[in-house]
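Reader: I am in my first year and still learning to read structures. Could you take one strand and go through it closely, then show me what surrounds it?

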Amino acid sequence: MNKQRYLRDGIIGDNNGTLSLIGHLCADCGKKSFPPFELCPYCSSENVKNVFLSNEATILAASTTRAPVPPYKPPFTLAMVDIDGEIRTIGRIEKEEQVKIKKGDKLTLKIGKLYEETEFNKQTKTNEMIDIIGYYFVPKK
Amino acid sequence: MRDVYVLGIGQTKFGAFPEYSSVDQGAMASVKAVKDAGINAKEIEMAYVGYARAPSTAGQMALIRLGIGGIPIANVSNACASGNTAVHMLYKDIATGLCEVGIATGLESLTEDARKQGGKGLLANRYDFGGLLGLTMPGFFSWVYMRLIDERGATMEDLCHPAIKNHYNAQFNPLAQYNKPLTYEQIMASPPVVEPLTVLQCCPQSDGGAALILCSEEYFKKHNVNHHPKIRIAASVIHSASWLTIQKDPLFSTVVRETADKAYHMAGVDPKDLDLAEIHDAFSGEEIAAYEPLRFCPEGECIKYTRERYFDLKGKLPVNPSGGLLSLGHPLGASGTRANCELVRQFRNQAGGYQVPGARIGLAQMLGAVLLGGPESPVICGIQILEKVRS
């Protein structure tokens, strides 16, 4: 099995046995944000703490990319989504090509492999494959 | 604060020129601007040079070739708004009395940049969260398209109209990268990029340079040997997105609205007073999405106005009469200075086939980011309003 690495540290965590996205909740302005930054991006407060975000999202707009965007091969679908009704972010959507999606459709968040990267291991002096683990969405059944 | 005037402009032909570097483009445009101003380059007291991808001292490298050195030269980078930022910085220095005359140059060679990058495919920034997920510029603007379709009832004919209009306009512009009109059928038959955007709804990757010589009123009076009309920078605003604006609907750019309102207020100009505008049309539908936040039409009516051909060359408010980024070309850092040069050309009645008769007040706007709309890529908007002073 390939080694695994998160797309970025600190954005995914184990929420009682389910991997979830981690955002920030600000104790001063009460707003949630994602990804977690140094300070609250709304009010600049330091009083932020990690919170797990909902595994459900709603599409605002989605589209299919038809050109290669390394390391991704076309076609793939990306969407602007709302999580917890207050976080607007972006995510990949894994679906069969013929499945149509549109504004208002509900999605379920999944944590899994997005792509592979080759990395040179200085100790073994060989190239090894790393699975990059991130998040994506699937249409809710 | 004192008034700031445009003494000279210079612009290269935009296009793909592998024989020239980004620095060459900056030098060529700067020479033209100095000549147009009718001054010796040694007169220049201050320089700002905008670009997104050129070497980190490109400004010094370009200007030393004109004998400009021994003065403060700062390179500024604000993505597609880099050129507006160079103009803005120089504007501030003259307005506050730090200097009398200076140059603002924008330059870029995306041909040079593509050679550095290598490889094929769309550009996604790997250090931005959106880029890691595969988000690109056309990817973001495809969502703007979807929002215009969902909320404004836009059709693909509507969304392609700026590309058709701007390609029509560019046939009269000898400095444009593309000089041929396009049909809706040709646009839709071109290869898909991010649905529903096809290649011909996207601006090309371009090389070019554009520069302006700005000065104080006193300097203008003494040195205007070429007898140019007096053109004042009525407003100059650089404005960045906040987290709140990033979290809003891409249908209506809050950043553009905030920047525009600051600029109209500063200039004391009503949007209805504008004779023309040169704006960021990297994607055909993007131009339509900008009409409302720029107050070119009432909220909710961008499609109605598009269908009435309000923004065509012969419309009430011509937008991108030069051909815009879509057909004039988009050498990132040069586009903001170019848009300002374009207004000056119109006010001097030098725009030939794309002249807006009697043009006197115009707006130049660019919008920049590594990835517009990505959660870690705040947008920068730059707007200048220029006004020909009544003699």
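Author: What follows starts with one strand of chain B and works outward to the domains and to the other chain. Keep in mind throughout that this is a predicted model.

The strand is β2 of chain B, which covers residues 46–50. Is β2(B) covered or open? It is mostly covered, as 5 of its 5 residues are buried. The burial can be followed on each side of the strand. On one side sit B:M46, B:Y48 and B:G50, and on the other sit B:A47 and B:V49. Every one of these residues is buried, so both faces of β2(B) are covered, a residue counting as buried if 20 or more other C-beta atoms lie within 10 Å of its own.

Next come the strands that pair with it. β2(B) and β4(B) run parallel and are joined by 5 bridges. Within β4(B), B:T105 is the residue that stands opposite B:V49. β2(B) also pairs with strand β3 of chain B, residues 73–76, again in the parallel sense, over 4 bridges. There, B:Y48 has B:A74 of β3(B) opposite it. A helix belongs to this arrangement too: α2 of chain B, residues 58–63, forms a right-handed β-α-β unit together with β2(B) and β3(B).

Now the wider setting. Chain B is assigned two domains: domain 1 consists of 4–115 + 206–231, and domain 2 of 127–179 + 234–388. Their centres, taken over C-alpha atoms, are 22 Å apart. Where the two domains meet, 41 residues of domain 1 and 35 residues of domain 2 of chain B take part in the contact. On the domain 1 side, at least two residues each come from β1 (4–11), α3 (82–95), β4 (101–109) and β7 (207–216) of chain B. One of these, β4(B), is the strand already met as a parallel partner of β2(B). The most residues on that side come from α3(B), which gives 8. Sorted by class, the domain 1 side has 20 nonpolar, 17 polar and 4 charged residues.

Last is the other chain. Here 23 residues of chain A are in contact with 28 residues of chain B. On chain B's side, the elements that give two or more residues are α5 (129–133), α6 (137–152), β5 (192–194) and α10 (243–246). Of the elements on this side, α6(B) gives the most, with 6 residues. The class count for the side of chain B that touches chain A is 15 nonpolar, 9 polar and 4 charged residues.

How values were computed:
Residues numbered from 1 in each chain as written. Chains lettered and ligands numbered in written order. Predicted model: local features only at pLDDT ≥ 70, side-chain atom pairs only at ≥ 80, totals over all residues. Contact = placed C-beta atoms within 7 Å. Nonpolar A, V, L, I, M, F, W, Y, C, P; charged D, E, K, R; others polar. Domains from an automatic or database assignment. Buried ≥ 20, exposed ≤ 12 C-beta atoms within 10 Å, placed from the backbone. Pairing = 2+ DSSP bridges. Right-handed = clockwise from strand over helix to strand, strands pointing away.
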